[in-house]
Amino acid sequence: MSRPEAVVTLRRATAPDAAAVADVWLRSFAAALPTVVSPRSGDDVRAYFREVVVPLRETWMAEAADGGGTVGVMVLNGNLLSQLYLAPDWRGRGIGDRFVALAKERSPEGLSLWTFQVNKPAHRFYERHGFVAVEYTDGSGNEEREPDVRYEWRP
């Protein structure tokens with residue numbers, strides 16, 4: 001049974017939001033990918049979001065309308081959907097659907113993304129949104145050394 005749609009606002013993240021979006025990423029990664037070992041510490045992830053992701057990428061965040069804080073993050077790097085993570089207790093409430101719709105609007109010529117092969121819920125989610133798996137790897141090209149899959153969406 002799905003949860004009711006969440007009342008959230010999607011907006012561009014700014015420098016003061018970097019810590020909050022990094023924290024969503026960290027909580028989501030740990031919950032969704034318990035078997036994947038992150039090569040970066042929490043402090044490294046926070047610094048990366050503060051110094052690279054928020055200032056240099058198109059970073060979007062979802063804020064709960066009820067004052068619940070930051071509950072999602074999506075990062076676009078050109079036509080690469082490089083990050084889409086939701087706070088674990090906010091999954092299944094339509095936020096990811098809204099992020100994907102926004103990504104398609106921002107990149108109407110098409111999108112690509114990578115996800116880990118072990119992340120079957122992500123595969124189902126992206127396939128439901130019209131993405132097609134186009135490449136599988138052994139993980140030697142990513143810092144986690146975890147087999148992954150590249151998806152593409154074309155209008």
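**Exercises on a predicted model**

**Exercise 1.** Pro-34 has a relative accessibility of 65%; classify Pro-34 as buried or exposed.

Solution. The structure is a predicted model. Step one: the cut-off for exposed is over 50% relative accessible area. Step two: Pro-34 stands at 65%, so Pro-34 counts as exposed. Step three: for its place in the fold, look at the loop that joins helix H1 (18–32) and helix H2 (42–56), where Pro-34 lies.

**Exercise 2.** State how far apart Pro-34 and Asn-119 are in sequence and in space.

Solution. Along the sequence, 85 residues separate Pro-34 and Asn-119. Between their C-alpha atoms, the distance is 10.0 Å.

**Exercise 3.** Place Ser-112 in its element, decide whether Ser-112 is buried or exposed, and list what Ser-112 touches.

Solution. First, the element: Ser-112 belongs to strand S5, residues 111–116. Second, the burial: buried requires under 20%, and Ser-112 has a relative accessible area of 13%, so Ser-112 is buried. Third, the contacts: leaving out residues up to four places away in sequence, Ser-112 touches Asn-79, Leu-80, Leu-81, Tyr-151 and Glu-152.

**Exercise 4.** Describe the largest nonpolar core and name the element that gives the most to it.

Solution. Start with the members: there are 26 residues, and those touching the most other members are Val-71, Met-74, Leu-84, Ile-95, Phe-99, Tyr-126 and Phe-131. Next, the elements: S2, S3, S4, H3, S5, H4 and S7 each supply at least two residues of this core. Helix H3 gives the most, five residues. Last, another core of 18 residues lies apart from this one, and Trp-25, Leu-33, Val-45 and Val-53 are among its members.

Terms used:
Residues numbered from 1 in each chain as written. Predicted model: local features only at pLDDT ≥ 70, side-chain atom pairs only at ≥ 80, totals over all residues. Heavy atoms only, no water. Helix = DSSP H or I, 4+ residues; strand = E, 2+ residues; numbered from the N terminus. Buried < 20%, exposed > 50% of the residue type's maximum accessible area, 1.4 Å probe, protein only. Contact = heavy atoms within 4.5 Å. Core = buried A, V, L, I, M, F, W, Y, C linked by side-chain atoms within 4.5 Å.
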